[in-house]
Amino acid sequence: LTINVTVASDIMRHDLNTVEDYTLGLTPLPDSNEIIALIAAHNFYGARNALETLSQLMVYDDFNNAFVLLDSIAMTDSPTFRHRGISLDTSRNFYPVEDIKKTIDGMAMVKLNTFHWHITDSQSFPMYVEAQPSLSKIGAYSPKEIYTREDMKEITAYARARGVRVVPEFDQPAHVGEGWQFKDMLTCFNAMPWSNFCYQPPCGQFDPSVAELYDILQDIYQEIVENFEPTLFHMGADEVTSSCWNTSARLQQYMIARGWDINLESSFMTLWGEFQRSVEERFDRVTNNETIPIILWSSRLTAQPNLLRYLNASRHIIQWWGDSVTDIAEIQHLVANGFRIIFSN
């Protein structure tokens, strides 16, 4: 078997516009046992997909101690969806680096192209941040259950070689807790009974009134960009509750000073929208104003009347996790306003 691979570009950027198409041809040479495989693709990712397909056209024949391969084929292949992903939560359950690599190996075999890494949450903070080392020192389950900067870079490179882009998720302003408890930047942390303040225990949300919070978030964003070189960034933004924010007298005073009625849910939506704009501005600082698309979970912020007030279709992608039947009107509203959707209900 002789394999000839031709690509039109050596660009390795892997974003939603990356073309993953390829053609694969197998031709037997006359009067010979040789087969020629011709692969043509726009880039590395298409060529890698073709090699994956080629490996799956072979089978090992135990009786003859030989590989059996289709000897004549012409194929053109392209993905139906630009985002084909798996999400892994390493906050609620820590996974070693080698297990993450095994997951990526499985994704590569079936040409899934997006490893959505939900790396932190309320339960633990396993991501080491060099500029803020106390987050993982306090927030990780143990000193052995931490992802170093080298780990994150290694996984990103490992995934890229297998046609998989890593999309890091740093969930905020809710789903935060462990690691932050001594920074005085949280509301309702570990509040009980938890069902009064959050959707699942342990509770915890950022306090948007704390100016120093945004400097720490910028440190985190800076290292996320350095470690993952992301072409997509997931900011979470789901399951925010006004009841959690309303436990903080400091935050109440902040809102009242701005003329926001703390008895109105709409006031907390305004607070949430302002927080989202602030963190995106900090994120854009560390990307040198490169406009990287931001993914958000579906939430009240992505529903009417807040969607167009705080978000825009050119920047934000909505990851839909709700019911696709009872919530069809919200999905239609997103689509009608030009928003891209990752469908993962």
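This is a short talk about the fold, the surface and the salt bridges of one protein chain.

Okay, before anything else: what we have here is a predicted model. Keep that in mind while I go through it.

Let's start with the overall picture. The chain has 345 residues, and 51% of them are buried. Its secondary structure comes to 10 helices and 15 strands. If you draw a box around the C-alpha atoms along the principal axes, you get roughly 85 × 50 × 40 Å. Now, how much of the contact map joins residues at least 24 apart? Taking contacts between residues at least 6 apart in sequence, that share is 71%.

On to the outside. The accessible surface is about 16200 Å², and carbon and sulfur atoms account for 53% of that. There's a nonpolar patch of about 390 Å² on the surface, made by Leu1, Ile3, Val5, Val7 and Leu51. Which element gives the largest share of that patch? Strand β1, residues 2-7, with 3 residues. Take Val5 as an example: it sits in strand β1, and its relative accessible area is 43%, so it counts as partly exposed.

Now charges. I count 25 positive and 44 negative ones, and the mean positions of the two sets are 5 Å apart. As you all know, side chains of opposite charge can pair when their charged atoms come close. How many salt bridges turn up in the whole structure? The search finds 21. I'll walk you through three pairs and then a network.

Pair one is Glu229 with Arg160, where the closest N and O atoms are 3.4 Å apart. Glu229 is in the loop between α5 (211-228) and β12 (233-236), while Arg160 is in helix α4 (residues 149-160), so this pair ties together parts that are 69 residues apart in sequence. Are the two partners buried or exposed? Glu229 is exposed, at 54% relative accessible area, and Arg160 is partly exposed, at 24%.

Pair two is Asp207 with Arg250, at 3.0 Å from N to O. Again, distant parts of the chain are linked: Asp207 is in the loop between β11 (205-206) and α5, and Arg250 belongs to helix α7 (residues 249-257), 43 residues apart. Here's the bit I'd zoom in on. Asp207 has 0% relative accessibility, so it counts as buried. Arg250, on the other hand, comes in at 33% and is partly exposed.

Pair three is Asp215 with Arg282, and the closest N and O atoms are 2.9 Å apart. This one runs from helix to helix: Asp215 is in α5, Arg282 is in α8 (residues 265-286), and they're 67 residues apart. Which partner is the buried one? The cut-off for buried is under 20% relative accessible area. Arg282 is at 14%, so Arg282 is buried, whereas Asp215, at 43%, is partly exposed.

Last item, the network. Glu130, Arg149, Glu223 and Glu226 are linked together by salt bridges. If you've got the structure open, pick out those four residues and have a look at how they sit.

So, to recap: a predicted model, 10 helices and 15 strands, a nonpolar patch with its largest share from β1, and 21 salt bridges, among them the Asp207 and Arg250 pair. That's it from me, thanks.

Key
Residues are numbered from 1 along each chain as its sequence is written. This is a predicted model: local features need pLDDT of at least 70, side-chain atom pairs count only at pLDDT 80 or more; totals for chains, interfaces and linings use all residues. Side-chain values use heavy atoms; hydrogens and water are left out. Helices (H or I, at least four residues) and strands (E, at least two) are DSSP runs, numbered from the N terminus. Buried means under 20% relative accessible area, exposed over 50%, partly exposed in between (1.4 Å probe, protein chains only). Contact means heavy atoms within 4.5 Å. Accessible areas come from the Shrake-Rupley method with a 1.4 Å probe; for residues, only the protein chains shown count as cover. Lys and Arg count as positive and Asp and Glu as negative; His and the chain ends are not counted. The place of a charge is taken as NZ of Lys, CZ of Arg, CG of Asp or CD of Glu. Patches are made of residues with over 30% relative accessible area and no salt bridge: like charges are joined within 9 Å, nonpolar side chains (Val, Leu, Ile, Met, Phe, Trp, Tyr) within 5 Å. A salt bridge is a side-chain nitrogen of Lys or Arg within 4 Å of a carboxyl oxygen of Asp or Glu.
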